[in-house]
Amino acid sequence: MTAPQGRRTTSDLPRWVPDAARHYLVHTETGLSIRALARASDCHPSTVLRQVRRLEGRRDDPLIDAALRSLSAQVSARDILKEGKLKAMKMECLKSDPHQPVGLTQARIDQEAKRILRRLCEQGAVLAVAREMETSVVVRMTPEGEQVRTAVVEREIAQAMALKDWITCPDPEGRIARYFITNTGRAALRRLTAEDENRASGFAERSADPDGDAGWDIASIEGTHRPPSRAYATESPLVGLARRKDRDGKPFLPRELVAVGERLREDYELVEVGLGGSASWESFVNGEALAEATEGPKGALAAHGRIKDALTELGPGLGDVVLRCCCFLEGLEQTEKKMGWSARSGKIVLRIALQRLKRHYEQTQGRYGPMIG
């Protein structure tokens with residue numbers, strides 16, 4: 001059936017939207033029956049009914065509700081409700097147009113989710129979402145009862161992760177909602193990590209379609225460069241070292257040194273989010289001066305400047321190890337191999353680097369870091 005000129009029979013929903021959310025939106029926005037949806041999707045009506053009921057029950061979740069409200073405007077109800085709607089939309093309204101430009105892609109969600117889900121895997125970590133804020137943060141509770149901010153998350157990325165059931169909020173009431181990683185989120189992190197390892201080993205082939213859902217990373221799509229062979233551990237190397245004990249039975253990395261590394265990581269996250277991955281770190285890793293960042297949000301440029309000053313102060317060797325372990329989250333063994341160091345020497349160099357970094361921060365920014373306005 002050919003649609004009349006000027007009308008669209010396809011949904012404008014992005015490709016990353018899960019089937020459950022797609023069914024819910026088409027049902028609620030267009031009035032299409034559960035049975036018609038089931039026939040169009042080639043599944044049992046009870047499956048669609050469970051999906052619709054579950055999404056309706058999760059509307060108290062602020063991220064879920066905001067995501068559904070935003071996506072509802074992209075469903076073309078006036079066309080689907082015309083005469084002959086089922087024939088026209090049977091295989092179309094449940095799929096998005098593959099050639100339609102969309103602001104949020106599956107590749108971008110996957111790229112951001114890798115760093116966010118890794119942080120949420122750390123003990124005591126939650127994603128804190130304030131209703132009036134455009135960005136969210138991942139915070140982790142230390143054994144001493146202090147909160148350390150470990151990542152900054154854009155609101156649309158958090159909404160997509162909630163809609164995909166990668167994160168959940170047990171108690172959505174209150175001004176600040178706290179989200180935890182789910183088993184589905186852990187499985188997604190394992191899948192994304194395995195895909196990266198396969199690509200690094202040459203076992204995965206890139207898709208011929210740069211808008212596809214698999215085989216591409218955000219760096220290749222945006223024409224930017226990422227640090228090569230970055231490790232995808234489920235927690236920061238600093239957290240593992242903080243659990244180890246030295247000869248005197250004290251933590252190998254004291255709490256204040258872990259906080260220093262997390263402060264550097266926080267600036268790195270601000271740069272990655274604010275500058276869209278356009279900051280190049282390879283120059284410093286390759287022994288050159290870190291390139292200047294001149295265009296972008298004020299906060300991201302300030303964070304880039306702080307990282308540049310810190311790495312310049314530390315110099316080659318010490319600067320490399322904090323950049324790799326604190327920012328890239330490389331494991332110590334991998335860093336030792338890349339730097340040509342002897343086995344088990346990396347943790348000593350990292351501790352020395354963090355001590356120097358702590359002194360630099362205290363002299364330039366004060367004990368509690370910069371005032372960000």
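E262 is a good place to start: in this predicted model, its relative accessibility comes out at just 1%, so E262 counts as buried. The acidic side chain has a partner in R119, with which E262 forms a salt bridge whose closest N and O atoms are 3.3 Å apart. This pair ties together distant parts of the chain, since E262 belongs to helix α12 and R119 to helix α7, with the two positions 143 residues apart. R119 is buried as well, because its relative accessibility is 0%. In general terms, oppositely charged side chains can pair when their charged atoms come close.

Helix α7 holds another charged pair. E112 and R115 form a salt bridge, with 2.7 Å between the closest N and O atoms. The two sit three residues apart in α7, which spans residues 106-120, so about one helical turn separates them. That spacing fits the usual geometry: an α-helix has 3.6 residues a turn, so residues three or four places apart point the same way. With the cut-off for burial set at under 20% relative accessible area, E112 counts as buried because its value is 12%. R115, at 8%, therefore counts as buried too. The pair doesn't stand alone, either: E112 and R115 are part of a salt-bridge network that also takes in R265 and E269.

Elsewhere, R324 and E330 meet through their side chains in a salt bridge, at 3.3 Å from N to O. Here again both partners, R324 and E330, are buried. Across the whole structure, the search turns up 19 salt bridges.

Back in helix α12, which covers residues 255-274, there is also L257. This leucine has 4% relative accessibility and so counts as buried. Setting aside neighbours within four places in sequence, the contacts of L257 are R351, L354, Q355 and K358. For R351, the C-alpha atom lies 7.7 Å from that of L257, although 94 residues separate the two along the chain.

Now for the nonpolar side of things. The largest nonpolar core contains 48 residues, and L117, L127 and L163 have the most contacts inside it. Helix α8 (residues 155-163) supplies the largest share of this core, with six residues. Apart from this core lies another one, made up of 34 residues that include F252, L264, L290 and C327. As for L127, its contacts beyond the neighbours within four places in sequence are L120, S136, V137, V138, V153, A158, I167, A177, R178 and Y179.

Helix α2 runs from residue 34 to 41 and has several buried positions, namely I34, A36, L37, A38 and A40. After α2 comes D42, which has a positive phi, near 60°.

Stepping back to the protein as a whole, there are 17 helices and five strands. The chain has 373 residues, of which 46% count as buried. Looking at contacts between residues at least 6 apart in sequence, 66% join residues that are at least 24 apart. The exposed area amounts to about 19000 Å², and 49% of that is supplied by carbon and sulfur atoms.

Methods
Residues numbered from 1 in each chain as written. Predicted model: local features only at pLDDT ≥ 70, side-chain atom pairs only at ≥ 80, totals over all residues. Heavy atoms only, no water. Helix = DSSP H or I, 4+ residues; strand = E, 2+ residues; numbered from the N terminus. Buried < 20%, exposed > 50% of the residue type's maximum accessible area, 1.4 Å probe, protein only. Contact = heavy atoms within 4.5 Å. Core = buried A, V, L, I, M, F, W, Y, C linked by side-chain atoms within 4.5 Å. Salt bridge = Lys/Arg side-chain N within 4 Å of Asp/Glu carboxyl O. Areas by Shrake-Rupley, 256 points an atom, 1.4 Å probe, with all protein chains shown as cover.
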